[in-house]
Amino acid sequence: MDGLKPTVVWDVDDVLNDLMAAWLVHVWAPAHPDRPIALADVRANPPHQLLGIDRAAYHASLDAFRLGDGYAAMAPNPSILAWLEAKGERCHHVALTATAYRAAPSTAAWVLRHFGSWIRQFAFVPADRPGEVLPRFDADKGAWLSRLRAPAVLVDDGPANLAAAASAGAGAIRWPQPWNGGSGTPADALRELDTWLGEHGAA
Ligand SMILES: [Mg+2]
């Protein structure tokens, strides 16, 4: 009878993991020692203009990283793991990422390896990539969320994703990152999640 327990819908990249930081350290810095950039200075995502490269080149590099050992070796976010261990059983959990189709299998494997005790479903809305034509089901994360029966809350670092979730009637909790204007901490975001769950029937 728990089918309508609320569902927490977790973004993957830069929420469950630290993809941008890992890409900067393992890909950008070694290739551009004369143009270092700190995570705190990444005020836009995608950051191609800050980096002085074109958007397609940035996505190609990021997707290649997603397919390699660097992505597989990323540590899970410790504050979210601790929250799940303490409180995760009171609701359902889904991972929802807007990643490239070719990166989805490695992302799914990473999520289930680290978070599979709680996150039992993995879904993705394919990100547009040049030359790739796929069946189109959901225009964005909001469209995906609108098909859930249970109350849902999206935890995401992307302002457009959060806006789409709110438009779909879901909760929306901003995971703080330099590019989204978030002034709070991960602990603040998790407290906000606790409050939302309390208001939506998850004791
Ligand atoms: Mg993200």
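Two strands count as paired if DSSP finds at least two bridges between them. Keep that in mind as you work through this predicted model.

**Exercise 1. Work out which strands β2 pairs with, and how.**

Start with strand β1 (residues 7-10). Its pairing with β2 is parallel and runs over 4 bridges. For one concrete bridge, look at Thr-7: its partner in β2 is His-92.

Now turn to strand β3 (residues 119-124). Here β2 pairs in the parallel sense again, over 5 bridges. Ala-95 is the residue to click on, as it stands opposite Phe-122 in β3.

How does the chain get from β2 to β3? It goes through α7, and this β-α-β crossover is right-handed.

Finally, check how enclosed β2 (residues 92-97) is. Of its 6 residues, 5 are buried, so the strand is largely enclosed by the rest of the structure.

**Exercise 2. Put the whole sheet in order and find its edges.**

Line the strands up first. There are 5 of them in an open sheet, and the order reads β3-β2-β1-β4-β5, with parallel pairing.

Next, look for strands that pair on one side only: these are β3 and β5 (171-174), the edge strands. As for the twist, neighbouring strands are turned by 25° against each other on average, ignoring direction.

Then zoom in on the β5 end. β4 and β5 pair in the parallel sense over 4 bridges, and Val-153 has Gly-171 in β5 as its bridge partner. What packs on the sheet there? Helix α10 (residues 186-199) does, touching β1, β4 and β5, and its direction makes about 165° with that of β5. A different helix, α9, joins β4 and β5 in a right-handed β-α-β unit.

**Exercise 3. Sort the side chains of β5 by face.**

Recall the general pattern: in a regular strand the side chains alternate between the two faces of the sheet.

Apply it to β5. Gly-171 and Ile-173 point to one face and are buried. Ala-172 and Arg-174 point to the other face and are not buried.

**Exercise 4. Track down what holds the magnesium ion.**

List the protein donors: Asp-11 (OD), Asp-13 (O) and Asp-157 (OD), at 2.0 to 2.2 Å from the ion. Along the chain, the donors follow the spacing D-x1-D-x143-D.

Where do Asp-13 and Asp-157 sit? Asp-13 is in helix α1 (residues 12-16), while Asp-157 is in the loop between β4 (152-156) and α9 (159-167). The two are 144 residues apart, so to speak a link between distant parts of the chain.

Last step: are they buried or exposed? Both Asp-13 and Asp-157 are buried.

**Exercise 5. Classify two aromatic pairs and say what each one ties together.**

Two values do the job, since a pair of aromatic rings is described by the distance of the centres and the angle of the planes. A search of the whole structure turns up 6 aromatic pairs.

Take Trp-23 and Tyr-58. Their ring centres are 5.2 Å apart and the planes are at 80°, so the pair is edge-to-face; the cut-off for that label is over 60 degrees. Trp-23 belongs to helix α2 (residues 19-31) and Tyr-58 to helix α4 (residues 55-66), so this pair ties together parts 35 residues apart in sequence. On accessibility, Trp-23 is buried at a relative accessible area of 1%, and Tyr-58 counts as buried at 2%. Ring pairs also bring in Trp-28, making a cluster of Trp-23, Trp-28 and Tyr-58.

Now do Tyr-71 and Trp-110. With 6.2 Å centre to centre and 70° between the planes, the pair is edge-to-face. Tyr-71 lies in helix α5 (residues 69-72) and Trp-110 in helix α7 (residues 104-115), so parts 39 residues apart in sequence are tied together. Tyr-71 counts as buried at 1% relative accessibility, and Trp-110 does at 0%.

**Exercise 6. Describe the surroundings of Leu-4.**

Locate Leu-4 first: it is in the segment before β1. Its relative accessible area is 48%, so Leu-4 is partly exposed, given that the range for this class ends at 50%.

Which residues does Leu-4 touch, leaving aside those up to four places away in sequence? They are Arg-149, Ala-150 and Pro-151.

Notes:
Residues numbered from 1 in each chain as written. Heavy atoms only, no water. Donors = N, O, S within 2.8 Å, 3.2 Å for Na, K, Ca; no water. Buried < 20%, exposed > 50% of the residue type's maximum accessible area, 1.4 Å probe, protein only. Phe/Tyr/Trp six-rings, centres within 6.5 Å; stacked < 30°, edge-to-face > 60°. Right-handed = clockwise from strand over helix to strand, strands pointing away. Axes fitted to C-alpha atoms, helices over the stretch in contact; angles between N-to-C directions. Contact = heavy atoms within 4.5 Å.
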